[in-house]
Amino acid sequence: MFQRIKYSLRIKHRKGHFIHSPFIYNMVRVLFMPKINHDLPSNSKVLEHLLFNKLRYNVAYRIAQAYVYLGCESFSKNVWEGKDMTIVSDITSGKVLDGMVSDMNKEYIEKDRMLVLVIQGIYKNKEIYRWWRRQNLLKLDIYWAGIIIFDSNLNRQEFKLRL
């Protein structure tokens, strides 16, 4: 509980304020603002998987909408299999995540396609939190999950967002 209070006091990006990337600004305005995005479709299989892993409904719904918004066509669970989106829910090792990120980095550079990595519970254990802080990638921190977007057209930045 204390961690959540501390997080809410340190949020930098609310409703798109102070975001200089047009892509991320539009994504925040469309996906993470509850009054705007009620008509945006979501992927039911992604939503079902996230809810099965006991992620909060509003966070799971936003990630399922991000799947559609980012143009993803397939997703995998806990292991990167060459899909557009990978959802990691029960990994406790930073080494496994390092391997996954390096494989995804090679793929998006070679084939010039956008890839998305969703990590649930980045604040649940210290090793994953330290791993998250070390990464120099395009990261969206929404407290209950972290989203990493691999795209050569986007700058590597970190955004802490409020849902």
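Partly exposed means a relative accessible area between the buried limit of under 20% and the exposed limit of over 50%. The views below come from a predicted model.

**View 1. Y123 and Y129 form a tilted aromatic pair.** At 28%, the relative accessible area of Y129 falls between the two limits, so Y129 is partly exposed. Y123 has 15% and is buried. The ring centres of Y123 and Y129 lie 5.1 Å apart. Their planes meet at 35 degrees. Both residues belong to one aromatic cluster, together with Y143 and W144.

**View 2. Y57 and Y61 stack in helix α4.** Their ring centres are 5.9 Å apart, with 15 degrees between the planes. Helix α4 covers residues 57–69. Y57 and Y61 are four residues apart there, about one helical turn. The model has six aromatic pairs in total.

**View 3. A charged end sits over the ring of W132.** The charge belongs to K139. Its distance from the ring centre is 5.1 Å.

**View 4. Strand β3 is largely enclosed by the rest of the structure.** This strand spans residues 115–120. Six of its six residues are buried. In a regular strand, side chains alternate between the two faces of the sheet. From β3, L115, L117 and I119 point one way. V116, V118 and Q120 point the other way.

**View 5. Strand β3 pairs with β2 and with β5.** Strands of a sheet pair through backbone hydrogen bonds, either parallel or antiparallel. Strand β2 (residues 85–88) and β3 are parallel, with four bridges. Here V88 stands opposite I119. Strand β5 (residues 145–150) runs antiparallel to β3, and six bridges join them. L117 of β3 faces I148 of β5. V116 stands opposite I149.

**View 6. Six strands make an open sheet with mixed pairing.** Their order is β1-β2-β3-β5-β4-β6. The edge strands are β1 (75–77) and β6 (158–160), and each pairs on one side only. From one strand to the next, the twist averages 15 degrees.

**View 7. Helices α2 and α4 meet the sheet.** Helix α2 (residues 22–31) packs on the sheet and touches β4 (138–141), β5 and β6. The directions of α2 and β4 make about 25 degrees. Helix α4 lies across β1, β2, β3 and β5. It runs at about 10 degrees to β5.

Key: Residues are numbered from 1 along each chain as its sequence is written. This is a predicted model: local features need pLDDT of at least 70, side-chain atom pairs count only at pLDDT 80 or more; totals for chains, interfaces and linings use all residues. Side-chain values use heavy atoms; hydrogens and water are left out. Rings of Phe, Tyr and Trp (its six-membered ring) pair if their centres lie within 6.5 Å; planes under 30 degrees apart count as stacked, over 60 as edge-to-face and the rest as tilted. Helices (H or I, at least four residues) and strands (E, at least two) are DSSP runs, numbered from the N terminus. Buried means under 20% relative accessible area, exposed over 50%, partly exposed in between (1.4 Å probe, protein chains only). A charge sits over a ring if NZ of Lys or CZ of Arg is within 6 Å of the ring centre and within 35 degrees of the ring normal. Two strands pair if DSSP finds at least two bridges between them. Axes are lines fitted to C-alpha atoms, for helices over the stretch in contact, and angles run from 0 to 180 degrees between N-to-C directions. Contact means heavy atoms within 4.5 Å.
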